[in-house]
Amino acid sequence: MRLFGRKSEPVDPAVAISEFWAWWAEARPRVEAADDKGELMAPAVAAIDPGLVWEIGNGRGSLFALTVSSAANPELRSLAHRWAKAAPEPDAMWEFHPSRQAASIPADVRFPAGPHEFDMARFVVALRVPPGSPRVDISAYHPIFEDVDDDTRMDTTMLALDRLLGEDEVARWVGDVTAAQIEPIDALPAIHLPAVVADVAEGFQDEQWALLEGTTARGKKLTATARFPLRPVDYPLYDQHIAVTLPYRKSDGDGLPAGDSLDALNAFHQTLTAALGPAVVAAHVSSEGVRTFHVYADPTGTTERAVRDLVWREGRPAIVTTMDPEWSAVAHFLT
């Protein structure tokens, strides 16, 4: 087995994850007995990728919870989730998570913040929910924020939000975050934040699509349809982008699909969705006689092959596949 901490060349993520769990099976008794678990865990997690972060805390159904997180780095999110997917079944001692979980009793949360101790009981937030938006903008304050630097304030705020909501729920529902040095006049205890987020989420349970209009770089009309909300965190294993571009024969005066071509494109969308497997159509864009479907897929699956097997009769399709963990190809549509 490759020694942890001695990577001299890139390692296949699947191999690194497999090696971790082989190590875990042997090292688990030593981890459980160690006073300083970091001496064992830090190099083992870094061997998967140095950018991953880890922590051991109280579990919900087990005594301990081991979390290995991407720390909001989109390039590592799928890696953390593949690590958790390969984990053994939870037992009385251990459970495993690919992102920080919400604390079972948020009011009891305490952790170091620079030279101070953060305690959730004194953490307050001012909230704003833009109309029709699946986001909650937050201005956060704690008395220690008056005595720490900007980075410590923001790092403390984000960790506190993770403890309140869970890391993935923060990515889903939290918009702009400000770590304030002065308490906002309309602040309320932060422990009420989960209830506010739950109310916002209630309005976005069903599948929705947003229709957008614009112009191309050449000044031609453009229309787009995108899932709403559209968030990579909802599809953590889908970091392969497949762009399917179809020319169409019939268009209106603005070059947008019309008549039989519009019907054929809508039928193709349904066929594409049915053929995908572990993948999702994130958006499609039409302009100047072509429509491009933006598909995100699990690269370990067979989506690309399934897409290439589909038939389009109004011209030659173009299919381009790239790795895009940040979903940069649909950045304009991300919620």
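The largest pocket in this predicted model is lined by 29 residues, and those nearest its centre are A72, M158, E167, V170 and A171. Two or more lining residues come from each of the helices α3 (74-85), α4 (150-165) and α5 (167-173) and from the strand β8 (174-179). The volume of this pocket is about 590 Å³, and its lining divides by class into 14 nonpolar, six polar and nine charged residues. A72, one of the residues nearest the centre of the pocket, sits in the loop between β2 and α3. Its relative accessibility of 54% places A72 among the exposed residues, and its phi is near 70°, a positive value in a residue other than glycine.

Enclosed space is a separate matter from the open pocket. A search of the whole structure finds one cavity of 30 Å³ or more, and the largest cavity holds about 70 Å³ of space. Its lining is made by P74, R77, S78, P232, Y235, P236, Y238, D239, P325 and W327, which by class come to seven nonpolar, one polar and two charged residues. The table sets the pocket and the cavity side by side.

| Space | Volume | Nonpolar lining residues | Polar lining residues | Charged lining residues |
|---|---|---|---|---|
| Largest pocket | about 590 Å³ | 14 residues | six residues | nine residues |
| Largest cavity | about 70 Å³ | seven residues | one residue | two residues |

The chain as a whole gives the setting for these features. The protein chain has eight helices and 15 strands, and its C-alpha trace spans about 70 × 60 × 35 Å along the principal axes. Of its 335 residues, 46% are buried. Among contacts with a separation of 6 or more, 67% are between residues 24 or more positions apart.

In soluble globular proteins, nonpolar side chains tend to be buried together. Here the largest nonpolar core has 28 residues, and the members that touch the most others are F118, F123, I138, L161, L164 and L193. The elements that contribute two or more residues to this core are β4 (110-113), β7 (136-141), α4, α5, β8 and α6 (193-202). A second, separate core of 23 residues includes W23, W24, A27 and W83. Returning to the largest core, I138, one of its most connected members, can be followed through its contacts: beyond its neighbours within four places in sequence, I138 touches V125, A126, L127, L161, V174, D176, V177, T178 and L193.

L193, which is in contact with I138, is also one of the buried residues of helix α6, together with V197, V200 and A201. Because these four residues cover an arc of only 100° around the axis, they lie on the same side of α6. D199 and E202, on the other side of this helix, are exposed. The buried residues of α6 pack against β6 (124-128), β7, α4, α5 and β9 (188-189).

Helix α2 (residues 38-48) can be read in a similar way, with M41, A44, V45, A47 and I48 buried. Seen down the axis of α2, these buried residues fall within an arc of 150°, so they line one face of the helix. An α-helix has 3.6 residues a turn, so residues three or four places apart point the same way. The cover over the buried residues of α2 includes α1 (13-33), β1 (53-58), β2 (64-69) and α3.

A few single residues deserve a closer look. H284 belongs to strand β13 (residues 279-287), and because its relative accessible area is 8%, under the 20% cut-off, H284 counts as buried. Leaving aside neighbours within four places in sequence, the contacts of H284 are with T223, A224, T225, H269, R291, T292 and F293.

Most residues other than glycine have a negative phi, and most peptide bonds are trans. E288, in the loop between β13 and β14 (290-297), has a positive phi of about 50° although it is not a glycine; with a relative accessibility of 34%, E288 counts as partly exposed. The peptide bond from F228 to P229 is cis, with omega near 0°, and P229 is found in the loop between β11 (221-227) and β12 (240-247).

Technical notes: Residues numbered from 1 in each chain as written. Predicted model: local features only at pLDDT ≥ 70, side-chain atom pairs only at ≥ 80, totals over all residues. Heavy atoms only, no water. 1 Å grid on protein atoms, 1.4 Å probe; cavity = no way out; pocket = protein on both sides within 12 Å on 5 of 7 lines; lining within 4 Å. Points joined across faces, edges and corners; volume = space filled by probe spheres on them. Nonpolar A, V, L, I, M, F, W, Y, C, P; charged D, E, K, R; others polar. Buried < 20%, exposed > 50% of the residue type's maximum accessible area, 1.4 Å probe, protein only. Arc of directions from axis to C-beta. Contact = heavy atoms within 4.5 Å. Core = buried A, V, L, I, M, F, W, Y, C linked by side-chain atoms within 4.5 Å.
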